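Here's a short tour for anyone meeting this protein for the first time. Have a look at the picture below, and then we'll walk through a few spots together.

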Amino acid sequence: MRAVIGVLLNLTHDNEWGSTKTGEQEDLIITALNCVLRVPQYLPQEQRFDIRVLGLGLLINLVEYSARNRHCLVEMEMDGGELWDSVCVSDKEELNTEGSLSAIAALVKLFLQREHAAVLAEAETDDFINDVPAQPLDQSGEWQETSGEIQWVASEDKGTDEETKKKDEDEEELDLNKGGENTHAGTCSWQHFQRKGSCGCTHAGKHMEDSIVASYTALLLGCLCQGSPMNVSTVRENLPKGDFSIMTEMLKKFLNFMNLTCDMGTTGQKSISRVIDYLEHC
């Protein structure tokens, strides 16, 4: 499936004639929409992100320059009365719909859920990064005035040489007796660090996936809005407070990411910039 979608992406990329002719194929647009909203729930967890993003990319190519494809997608209705588990943020959340749901309404729901999930994942990642144990303050000294300056001077060991020697011997014997325990403790500490590091990478990866899905969905909705006041109204009705800023902010973050990782002036960057400008003025 991924190979087929890849071929279709090449045929429709920045090509009005290619996207229009491809969209005319029977059930192709609804199939691409199902790849975003339905198919992922039947795939293994590690494959869901790829299929959803490929489906979103194909829909963007199909509607960006083709008025005919935009009209077809907007007119589609998704059957309600079922659970779209693949759209949900977590296993505890469900997307219940009664009756039918328009394609635009379903895509807005997908955007809002993934945007919310990205915010939560980002907060969890920040908490992990900031969760660094504080080093205990050194209290084994005192402030002293030397040469006209106040400096912290560590206190010297006041014990006698004999006491120091005996203490060192006792500590050495204790280390030998508990060598196995210390090794085990060190191993546990390293395993704990590895688990924490893995947890941080998991949060970062989840944040990236949710951000990409939300950004692609916002770009698709922006393409549907261009040149269509009716679609603008439909999208606005499904957004919190009818405000497009939540979409433009996500697209700006995605554009900044692309500017850091891609060559400047690519077709994708121009498309995102155009959609941002349109949404900010509509």
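Where is glycine 55 placed? It sits in helix 4. Before going further, keep in mind that what you're looking at is a predicted model.

**A glycine to start with**

Glycine 55 counts as buried because its relative accessibility is 1%, and buried means under 20%. Leaving aside its neighbours within four places in sequence, glycine 55 is in contact with Ala32, Cys35 and Val36. There's a long-range partner to look at, too: the C-alpha atoms of glycine 55 and tyrosine 216 are 9.9 Å from each other, although 161 residues separate the two along the chain.

**The whole protein**

Now zoom out. The protein has 11 helices and 4 strands. Its 282 residues include 36% that count as buried. Take the contacts between residues at least 6 apart in sequence: 67% of them join residues at least 24 apart.

**Helix 2 and its surroundings**

Helix 2 runs over residues 16–23, and its buried residues are Gly18, Ser19, Thr20, Thr22 and Gly23. What covers them? Helix 1 (2–12), helix 3 (28–37), helix 4 (45–64) and helix 5 (67–74) are included in the cover.

The N-terminal end of helix 2 is capped by asparagine 15, which has a side-chain oxygen 3.2 Å from the backbone nitrogen of tryptophan 17.

Serine 19 is part of helix 2. Is serine 19 buried or exposed? Its relative accessible area is 0%, so serine 19 is buried. The serine 19 side chain gets to the backbone oxygen of glutamate 16 at 2.9 Å. Not counting residues up to four places away in sequence, serine 19 also touches Leu11, Thr12, Asn61, Leu62, Ser66 and Asn69.

Here are the two polar contacts from this stretch, side by side:

| Side chain | Backbone partner | Distance |
|---|---|---|
| Asparagine 15 (oxygen) | Tryptophan 17 (nitrogen) | 3.2 Å |
| Serine 19 | Glutamate 16 (oxygen) | 2.9 Å |

How do helix 1 and helix 2 meet? Their axes come within 7 Å and cross at roughly 135°. The two helices are therefore oblique to each other. On the helix 1 side, Leu8, Leu11 and Thr12 take part, and they meet Gly18, Ser19 and Thr22 of helix 2.

**Two loops with positive phi**

Aspartate 14 lies in the loop between helix 1 and helix 2. It isn't a glycine, and yet its phi is positive, at about 50°. Aspartate 14 is partly exposed, since its relative accessible area is 42%.

Aspartate 27 is in the loop between helix 2 and helix 3. Its phi is near 65°, again a positive value in a residue other than glycine.

**The nonpolar core**

How many residues does the largest nonpolar core have? It has 55, and the ones with the most contacts inside it are Leu33, Leu59, Leu73, Val235 and Met247. Helix 8 (residues 179–225) supplies the largest share of this core, 10 residues. Domain 1 (1–75) and domain 2 (103–131 + 186–281) both contribute residues, so the core lies between them.

Let's finish with methionine 247. Leaving aside neighbours within four places in sequence, methionine 247 is in contact with Phe111, Ala218, Leu221, Gly222, Val235, Leu239 and Leu279. One of these contacts, Val235, is also among the residues with the most contacts inside the core.

Definitions and conventions
Residues numbered from 1 in each chain as written. Predicted model: local features only at pLDDT ≥ 70, side-chain atom pairs only at ≥ 80, totals over all residues. Heavy atoms only, no water. Buried < 20%, exposed > 50% of the residue type's maximum accessible area, 1.4 Å probe, protein only. Contact = heavy atoms within 4.5 Å. Polar contact = N/O pair within 3.5 Å; in protein donor to acceptor, adjacent residues only side chain to side chain. Core = buried A, V, L, I, M, F, W, Y, C linked by side-chain atoms within 4.5 Å. Domains from an automatic or database assignment. Axes fitted to C-alpha atoms, helices over the stretch in contact; angles between N-to-C directions. Parallel < 35°, antiparallel > 145°, perpendicular 65-115°, else oblique.
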